[in-house]
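Here is a short tour of how the two chains of this model fit together. Keep the structure open while you read, and find each piece as it comes up.

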Amino acid sequence: MAVVFEKTKALTDKPFHYCPGCTHGIIHRLVAEVLEELNLIDNAIGVAPVGCSVFAYDYFNCDMHEAAHGRAPAVATGIKRVHKDSAVFTYQGDGDLASIGTAEIVHAAMRGEKFTTIFVNNAIYGMTGGQMAPTTLIGQKATTAPLGRVEDHAGLPLKVSEMLATIPKAVYVERVSVHDVKHINQSKKAIKKAFQYQMEGKGFTLVEVLSTCPTNWGKTPVESLKWLQESMMPYFPLGNFRTPEEV
Amino acid sequence: MAKELWKGNEAISEAAIKCGCRFFFGYPITPQNEIPEYMSLRLPQENGCFLQAESEVAAINMVYGAAGSGARVMTSSSSPGISLKAEGISYIAGAELPCVIVNIVRGGPGLGGIQPAQSDYYQACKGGGHGDYRLVVLAPNSVQEAVDLTQEAFDIADQYRMPVMIIGDGMIGQMMEPVEFRDVPKRQLPEKDWATTGTDGKRKPRVINSLFIDPQACENHNIHLFKKYDEITKNETRVETYKLEDAEIVFVAYGTTSRIVKNAVNALEKEGIKAGLIRPITLWPFPSKAIEDAASMANVKMFLDVEMSMGQMIDDVKIAVNGKKPVHFYGRTGGMVPTPAAIVAEAKKILGGAK
């Protein structure tokens, strides 16, 4: 019988710990497939964050570092400055990257550090149990915003891709989503481009992936995919914000 | 090699380069600025990398990444900056990565001041960051010793896979003294068979990590670390003793303060008062045995611990003396440096009281 699908070699056999309906698994697979297709598995060094994907080092079948909360871009800077030819990436959530780690991501982009950041935005703190994130939408309930996020009190959600796109050395910035097959395929293309630009030495590259958190959103997986489209995408529009050609 | 006149901070930097440090990540703060400034000029000449980070927090995490990647790497800062690095230092200790951290201590707490101080003894030796961990803490009292200890610090870090701190102050960092860059004996160092370099398809992936979600595994990791710390205590404890043989009063002091105390010991001798000095060179591992031994000497009546702090090392001195003899304290802090005359006067005062 012909083999029509095989798990990528860039993932280990360890079962994911993610909740049912969470899209981290899809995003892991996309990153891993890109590493394999670009022949980068043996040359990759990844950095896991603190958050739901804290155990990413158990899943990616390449050398990995586990970083302190928000510090992955600084750790990746240290790695890439030592191993200039390696494919270095960080995999970070929105609490990690858009809250505690804003200084690190902005300055890595400012310096044009030649690594790729996969920024998984699910508008909530997942691992710690559903607290408000900088990306939590207005009115969205969280355990630290029990009545929903209020603009006057907590401000408006941070648009990371738009912000980083103002930085000259952030050469590739794109926001994608994984709520259906078409968008999953588009996401993979974006991740692939980011790694290609990295390996060409173009500068800092980031792909923001809109993702679901059924457990902490209090929705079923299907409702979550719908909520992502209907509530997140209008505020966090998909699209490319920077490509190297513009630079 | 003939002796040359070197400023402490620059001498430490050159010593690091001479023993193979090729990566430096730092952030400006007085009184250690000559270290990043020197490195920014010299490291590119050696095909190394100097990077001015956006913060001390970022700098120590760059060190984490570079150390985990197998590089010889250093950072430096001063007290408030070391507070910011504390998180990263804990992770580096937890992940067992070798690196060298220079702390040119200034007065505190808070923004404090920029003059010499020793009020970060607790921070250096008793944690600073979270969790059960230790740093090897080397406390030179001259620019020459700072050079010698810097060269050894990298080997100690590599041998035991742990962060080593060199602790000085504005006096050591800013003062110029004659220095000879000697060849220090090179240690037999283990292969870095844990470093992330990319697998090259030839080995299993490596993970640099300090997360042990299973409490039993986390306890086991702590036990493993402390076995290593026991070995370091056995092998690496360093102390200088001075005129202990017939001393009635034994000073304990380190770094800058130890030089001032030595003058006080000599001044007291001229007045017929027998004094000695125990100078910890490693603050951790602390030379408890030397102090314990002195406490058991019949001629020793008392100890006088002298620090540029309100009294921090004195805790370890008291533990080592274990109630056998009285332990007194004299300190200046906030950037004030004690004078030999003040130390002599304090010694006479307490000796008088003891008679």
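The axes of α3(A) and α3(B) come within 6 Å of each other and cross at roughly 45°. Axes here are lines fitted to C-alpha atoms, for helices over the stretch in contact, and angles run from 0 to 180 degrees between N-to-C directions. That crossing angle makes α3(A) and α3(B) oblique to each other; under 35 degrees would count as roughly parallel, over 145 as roughly antiparallel, 65 to 115 as roughly perpendicular, and the rest as oblique. The crossing of α3(A) and α3(B) is right-handed, the name used when the near helix is turned clockwise from the far one by less than a right angle, with anticlockwise being left-handed.

Before going on, some ground rules. This is a predicted model, where local features need pLDDT of at least 70 and side-chain atom pairs count only at pLDDT 80 or more, while totals for chains, interfaces and linings use all residues. Residues are numbered from 1 along each chain as its sequence is written, and chains are lettered from A and ligands numbered from 1 in the order in which they are written. Helices (H or I, at least four residues) and strands (E, at least two) are DSSP runs, numbered from the N terminus.

So who meets whom in that helix pair? On the α3(A) side you'll find, among others, Ala74(A), Val75(A), Gly78(A) and Ile79(A), and on the α3(B) side the list includes Ala58(B), Met62(B) and Gly65(B). Two residues are in contact if their C-beta atoms, placed from the backbone, lie within 7 Å. Sorted by class, this contact has 10 nonpolar, 4 polar and 1 charged residues. Ala, Val, Leu, Ile, Met, Phe, Trp, Tyr, Cys and Pro count as nonpolar, Asp, Glu, Lys and Arg as charged, and the others, Gly among them, as polar.

Now zoom out to the chains. Altogether, 28 residues of chain A are in contact with 34 residues of chain B. On the chain A side, β1, β2, α3 and α5 (102-111) each give two or more residues, and α3(A) has the largest share, with 8 residues.

The α3(B) helix has another partner in its own chain. Helix α3 (56-68) of chain B packs against helix α4 (79-94) of chain B at about 25°, with axes 8 Å apart. That makes α3(B) roughly parallel to α4(B). Again the crossing is right-handed.

Here are the class counts for three contact regions:

| Region | Nonpolar | Polar | Charged |
|---|---|---|---|
| α3(A) with α3(B) | 10 residues | 4 residues | 1 residue |
| α3(B) with α4(B) | 9 residues | 3 residues | 3 residues |
| Side of chain A that touches chain B | 14 residues | 8 residues | 6 residues |

Which strands build the sheet that includes both chains? There are 8 of them, in the order β7(A)-β5(A)-β6(A)-β4(A)-β3(A)-β1(A)-β2(A)-β9(B), forming an open sheet with mixed pairing. Two strands pair if DSSP finds at least two bridges between them. β7 (239-242) of chain A and β9 (207-208) of chain B stand at the edges with a single partner strand each, so one side of each has no neighbour in the sheet. Where the chains join, β2(A) and β9(B) pair in the parallel sense over 2 bridges, and Met64(A) has Val207(B) as its bridge partner. Within chain A, β1 (44-48) and β2 (63-66) run parallel and share 4 bridges, with Ile45(A) opposite Asp63(A). The α3 helix (72-82) of chain A lies across β1, β2, β3 and β4 of chain A, at about 175° to β3(A).

Chain B itself is divided into domain 1 (4-236) and domain 2 (240-354), with bounds from an automatic or database domain assignment. Their C-alpha centres lie 29 Å apart, and 29 residues of domain 1 are in contact with 22 residues of domain 2.

Chain B also has an open sheet of 5 strands, β10-β12-β11-β14-β15, with mixed pairing. Its edge strands are β10 (239-242) and β15 (327-331) of chain B. β10(B) runs antiparallel to β12 (275-280) of chain B, joined by 4 bridges, and Tyr242(B) stands opposite Leu277(B).
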